[in-house]
Amino acid sequence: MTHSLRIPDLTIPVRPGALRPGGVGPGDAGDPAVNDVDVIRVRGDARLAGTVHVVGAKNSALKLMAAALLAPGRSVITNVPRITDIAIMGEVLRRLGCGIRFDADDPVDPMVAHGGVARSRSVVIDVPEQPGTEADYDLVRRLRASICVLGPLLARLGYVRVAHPGGDAIGSRGLDMHISGLTRMGAEISGEHGFVIASAPHGLHGAEIMLDFPSVGATENLVMAAVLARGASVIDNAAREPEIVDICTMLNQMGARISGAGTSTLHIEGVPGLQPVRHATVGDRIVAGTWAFGAAMTRGDVTVTGVEPGFLEVALDKLVSAGGLVETRGDAFRVRMDDRPKAVDVVTLPYPGFATDLLPMAIGLAAVSDGASLITENIFDGRFMFANEMMRLGADIKTDGHHAVVRGRERLSGAPVRATDIRAGAGLIIAGLCAEGVTEVSHVHHVDRGYPDFAADLRALGVEVEPGTAPEEPDLTI
Ligand code: EPU
């Protein structure tokens with residue numbers, strides 16, 4: 001079944017290009033026309049200061065929405081960020097036959113009390129007895145995370161067909177661990193015409209699975225499958241991210257029997273059925289980390305609320321090594337940097353290591369630090385692609401395989417640059433705050449995919465931001 005592009009109920013600001021096929025802006029699909037692209041302009045020599053509240057994590061909420069598929073009836077997920085990716089996930093579920101409604105969040109996020117627009121909502125999901133079994137390419141290519149409907153639909157219905165998401169701007173992004181784990185549970189999986197087709201005519205059974213790598217997505221898909229499988233499963237070398245703990249907590253509230261969440265070994269006793277649930281999304285550690293690095297890079301003073309600081313232990317420790325002052329309390333922390341940061345080395349690793357999603361911020365910090373930093377990326381093979389854009393701002397970066405040597409400069413130099421993915425976009429905007437003159441970051445719809453109203457948060461932290469559009473020249477490369 002194919003659908004035309006229609007994403008209803010998008011009560012969030014959507015920039016030009018945000019919902020085009022491929023989730024990329026005009027020109028990317030070989031469109032020779034000159035179109036407007038979405039941009040954010042920031043003035044350099046800026047300092048971030050004030051308080052920012054962070055709402056629920058994109059990378060949790062997306063999977064919590066998929067997990068709702070496991071139980072017929074009405075589930076409600078609160079503290080869901082108002083971002084494009086969530087709207088697309090809503091559409092994925094709607095096309096699977098679910099009723100989807102976005103309501104005002106309860107409790108309302110504190111930025112609203114200060115006159116801001118809500119950054120979060122609640123999503124009410126009505127799951128039918130017999131959901132659909134197909135997620136088509138039209139949506140999956142715009143939201144790679146749609147692959148997380150594979151596990152729950154297979155477990156509930158015994159058959160599912162999900163478009164293969166392919167790679168993206170940060171890397172090749174395999175699915176082998178999802179597939180081999182589900183196969184161990186008794187699924188038959190084939191690939192045809194760009195789809196992953198999985199069936200388990202006799203139902204899934206428990207299995208012992210050792211992941212080659214603690215993949216977040218594979219752990220989530222396998223847990224969502226194992227909760228309804230016959231018998232016990234063990235997932236070893238499982239991902240330990242706070243988002244994994246969040247989904248396991250929700251599944252247990254639905255009646256699943258999972259233990260070991262947050263450790264490398266998950267034990268799951270299959271149950272015959274689950275009940276719908278109301279669950280609040282865990283705070284977004286990557287958004288929180290973005291502001292923490294922003295404070296350090298701009299020699300600012302930012303308090304971040306809404307996230308357990310322990311989720312960012314390694315990242316905050318790096319900021320202390322760079323000369324920052326970090327205070328933590330409850331679900332808040334404050335980062336202050338008075339002098340030019342000192343260069344620090346960073347190695348990305350699965351949680352609890354330094355998050356790959358903060359790599360652009362680590363490179364940005366290194367670019368303005370005193371000294372040279374060695375930055376090593378261990379998760380995605382294409383994550384350094386955005387470094388070319390950072391170099392346009394004058395950053396001194398040399399990459400070699402999965403390493404980058406960054407020699408810090410006192411100041412960067414404002415220029416037009418292009419956001420290539422969510423985190424690169426945020427990193428470039430913040431780097432622009434440390435540059436002389438104006439930086440214009442284009443294709444910022446990528447940023448809207450993961451940060452609810454980034455521009456408003458920047459303004460709340462005292463920075464001049466001008467969102468707008470700019471004409472894009474046709475791409476004439478062959
Ligand atoms: N991988 C395989 N085979 C698999 C699964 C993964 O080779 O079967 C590889 C991937 O190609 C990648 C690495 O393993 O090189 C890590 O992949 P993982 O499965 O852990 O990541 P993911 O589930 O695809 C999630 C987040 C990413 C985040 C990573 C790592 C979501 C929707 N995405 O991706 O977030 O970087 O975990 O923490 O949860 C972002 O938010 O901007 C983002 C990219």
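Which residues does T298 touch, not counting residues up to four places away in sequence? The legends below take this up first, then move through other parts of this predicted model.

**Figure 1. T298 in the loop between α9 and β15.** T298 touches A46, R47, L48, L433 and C434, leaving out residues up to four places away in sequence. Its relative accessibility is 8%. Buried means under 20%, so T298 counts as buried. The loop leads to strand β15, which spans 301-305.

**Figure 2. R299, a residue with positive phi.** R299 is found in the loop between α9 and β15. R299 is not a glycine, yet its phi is positive, at about 50 degrees. With 29% relative accessibility, R299 counts as partly exposed. T298, by contrast, counts as buried at 8%.

**Figure 3. Helix α9 against helix α10.** Helix α9 covers residues 285-297, and helix α10 covers residues 313-321. Their axes come within 10 Å and cross at roughly 5 degrees. That angle makes α9 roughly parallel to α10. From α9, the residues A292, F293 and A296 take part. They meet A315, L316 and L319 of α10. By class, this contact has six nonpolar residues, no polar residues and no charged residues.

**Figure 4. Helix α6 against helix α7.** Two packed helices are described by the angle between their axes and the distance between the axes. For α6 (residues 176-184) and α7 (residues 216-226), the axes come within 8 Å and cross at roughly 25 degrees. Angles under 35 degrees count as roughly parallel, so α6 is roughly parallel to α7. The crossing is right-handed. On the α6 side, M177, H178, G181 and L182 make the contact. On the α7 side, G217, A218, N221, L222 and A225 do so. The contact of α6 with α7 has five nonpolar, four polar and no charged residues.

**Figure 5. A226 in helix α7.** A226 counts as buried, at 0% relative accessibility. In sequence, A226 and G181 are 45 residues apart. In space, their C-alpha atoms are 9.9 Å apart. G181 belongs to the α6 side of the contact between α6 and α7. Leaving aside neighbours within four places in sequence, A226 is in contact with M185, S233, I268 and G270.

**Figure 6. N237 in the loop between β11 and α8.** Strand β11 covers 232-236, and helix α8 covers 242-253. N237 has a positive phi of about 60 degrees, although it is not a glycine. Its relative accessible area is 25%, so N237 is partly exposed.

**Figure 7. V162 in strand β7.** Strand β7 spans residues 159-163. V162 counts as buried, with 0% relative accessibility. Not counting residues up to four places away in sequence, V162 touches A135, V140, S146, I147, V149, L150, F195 and V196. G408 lies 246 residues from V162 along the chain. The C-alpha atoms of V162 and G408 are separated by 45 Å.

**Figure 8. Two nonpolar cores.** In soluble globular proteins, nonpolar side chains tend to be buried together. Here the largest nonpolar core has 79 residues. Within it, I125, V149, V227 and L251 touch the most other members. V149 is also among the residues that V162 touches. Beyond its neighbours within four places in sequence, I125 is in contact with M65, A68, G73, R74, S75, I77, L93, C98, G99 and I100. Another core, of 74 residues, lies apart from the largest one. Its members include L319, A395, I422 and I430. L319 is also one of the α10 residues that meet α9.

**Figure 9. Helix α11 and the cis bond in the loop before it.** A cis peptide bond joins Y351 and P352, with omega at about 10 degrees. P352 lies in the loop between β18 (346-347) and α11. Helix α11 itself covers residues 359-367. Nine of its nine residues are buried, so α11 is largely enclosed by the rest of the structure. The buried residues are L359, P360, M361, A362, I363, G364, L365, A366 and A367.

Technical notes: Residues are numbered from 1 along each chain as its sequence is written. This is a predicted model: local features need pLDDT of at least 70, side-chain atom pairs count only at pLDDT 80 or more; totals for chains, interfaces and linings use all residues. Side-chain values use heavy atoms; hydrogens and water are left out. Axes are lines fitted to C-alpha atoms, for helices over the stretch in contact, and angles run from 0 to 180 degrees between N-to-C directions. Helices (H or I, at least four residues) and strands (E, at least two) are DSSP runs, numbered from the N terminus. Angles under 35 degrees count as roughly parallel, over 145 as roughly antiparallel, 65 to 115 as roughly perpendicular and the rest as oblique. A crossing is left-handed if the near helix is turned anticlockwise from the far one by less than a right angle, and right-handed if clockwise. Contact means heavy atoms within 4.5 Å. Ala, Val, Leu, Ile, Met, Phe, Trp, Tyr, Cys and Pro count as nonpolar, Asp, Glu, Lys and Arg as charged, and the others, Gly among them, as polar. Buried means under 20% relative accessible area, exposed over 50%, partly exposed in between (1.4 Å probe, protein chains only). A nonpolar core is a set of buried Ala, Val, Leu, Ile, Met, Phe, Trp, Tyr and Cys residues joined through side-chain atoms within 4.5 Å.
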